[in-house]
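Good morning. I have one structure to go through today, and I will take it from the overall shape down to single side chains. Please have the picture up while I talk.

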Amino acid sequence: IDIQRAADLCKQYGTLCVVDNTFASPYLQNPLRWGADIVIHSATKYLGGHSDVIGGVLVTNLEEIKKRADFNRLCLGLNPSPFDTWLISRSIKTLAIRMERHSSNALAFAKWLESEP
């Protein structure tokens, strides 16, 4: 999906552009740079990387959205535990190598598929 084009269309129609960036991860793609208003990451998948934490991340450049998200986070107790935060911090240290390996494996597989009749 062309995120810039989608963001432009959203702006044209007066709606927010929200991108689920779970599988690309912030290592491979930053939708805010392409005009997205809100980006969601699954901390359970690639950010966590070890299947030992459940969490999510909401990122925005819009102050009003951040204020509303912060209000909900504080009032509803949506903060991760210190241990979960440590688990995610630990895993982010290996995000680059994991995403590079995913990408090189995907490219090798795509080339193999291309060579098959």
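Of the 117 residues in the protein chain, 24% count as buried. Keep in mind that this is a predicted model, and that every value I give is computed from it.

Now the overall dimensions. A compact globule of 117 residues would have a radius of gyration near 13 Å, whereas this protein chain has 17 Å. Along the principal axes, the C-alpha atoms fill a box of roughly 55 × 45 × 20 Å.

Next, the secondary structure. The protein chain contains six helices and three strands. If you start at the N terminus and walk along, the elements come in the order α-β-α-β-α-β-α-α-α.

Let me turn to the sheet. How are the three strands ordered in the open sheet? The order is β1-β2-β3, and the pairing is mixed. The edge strands are β1, residues 18-20, and β3, residues 56-60, and each of them pairs on one side only. From one strand to the next, the twist averages 20°.

For anyone new to this, strands of a sheet pair through backbone hydrogen bonds, and they do it either parallel or antiparallel. Both kinds appear here. Strands β1 and β2 run parallel and are joined by three bridges. Strands β2 and β3 pair in the antiparallel sense, over five bridges.

You can find individual partners in the picture. On the parallel side, Val-18 stands opposite Ile-38 in β2, and Val-19 has Val-39 in β2 as its bridge partner. On the antiparallel side, Ser-42 has Gly-56 in β3 as its bridge partner.

Is strand β2 mostly covered or mostly open? It is mostly covered, with four of its five residues buried. Ile-40 belongs to β2, which spans residues 38-42. Buried means under 20% relative accessible area, and Ile-40 has 35%, so Ile-40 counts as partly exposed.

Ile-40 also turns up in a surface feature. Which residues make the nonpolar surface patch of about 380 Å²? They are Leu-16, Val-18, Ile-40, Leu-58 and Leu-62. Val-18 is the residue I just placed opposite Ile-38.

Now the charged side chains. The structure holds four salt bridges, and I will go through some of them, beginning with Asp-37 and Lys-11. The closest N and O atoms in that salt bridge are 3.6 Å apart. Asp-37 lies in the loop between α2, residues 25-28, and β2, while Lys-11 is in helix α1, residues 3-12, so the pair ties together parts that are 26 residues apart in sequence.

What about the surroundings of these two side chains? Asp-37 has a relative accessible area of 11%, so it is buried. Lys-11 has a relative accessibility of 48%, so it counts as partly exposed.

The next salt bridges sit in helix α4. Asp-70 and Lys-66 meet at 2.5 Å, N to O. Both lie in helix α4, residues 63-76, and they are four residues apart, which is about one turn of the helix. Asp-70 also meets Arg-73 in a salt bridge, at 3.3 Å, N to O. Why are Arg-73 and Asp-70 separated by about one helical turn? Because they are three residues apart in helix α4. Salt bridges that share partners join Lys-66, Asp-70 and Arg-73 into one network.

How accessible are the members of this network? Asp-70 has 21% relative accessibility, so it counts as partly exposed. Lys-66 is partly exposed as well, at 39%, and Arg-73 is partly exposed at 30%.

To recap, there is an open sheet of three strands with mixed pairing, and its strand β2 is mostly covered. There is a nonpolar surface patch that includes Ile-40. There is also a salt bridge between Asp-37 and Lys-11, and a network of Lys-66, Asp-70 and Arg-73. That is what I have for today.

Technical notes
Residues numbered from 1 in each chain as written. Predicted model: local features only at pLDDT ≥ 70, side-chain atom pairs only at ≥ 80, totals over all residues. Heavy atoms only, no water. Patch = residues over 30% accessible without salt bridge, like charges linked within 9 Å, V, L, I, M, F, W, Y side chains within 5 Å. Areas by Shrake-Rupley, 256 points an atom, 1.4 Å probe, with all protein chains shown as cover. Helix = DSSP H or I, 4+ residues; strand = E, 2+ residues; numbered from the N terminus. Buried < 20%, exposed > 50% of the residue type's maximum accessible area, 1.4 Å probe, protein only. Pairing = 2+ DSSP bridges. Axes fitted to C-alpha atoms, helices over the stretch in contact; angles between N-to-C directions. Rg over C-alpha atoms; globule rule 2.2 N^0.38 Å.
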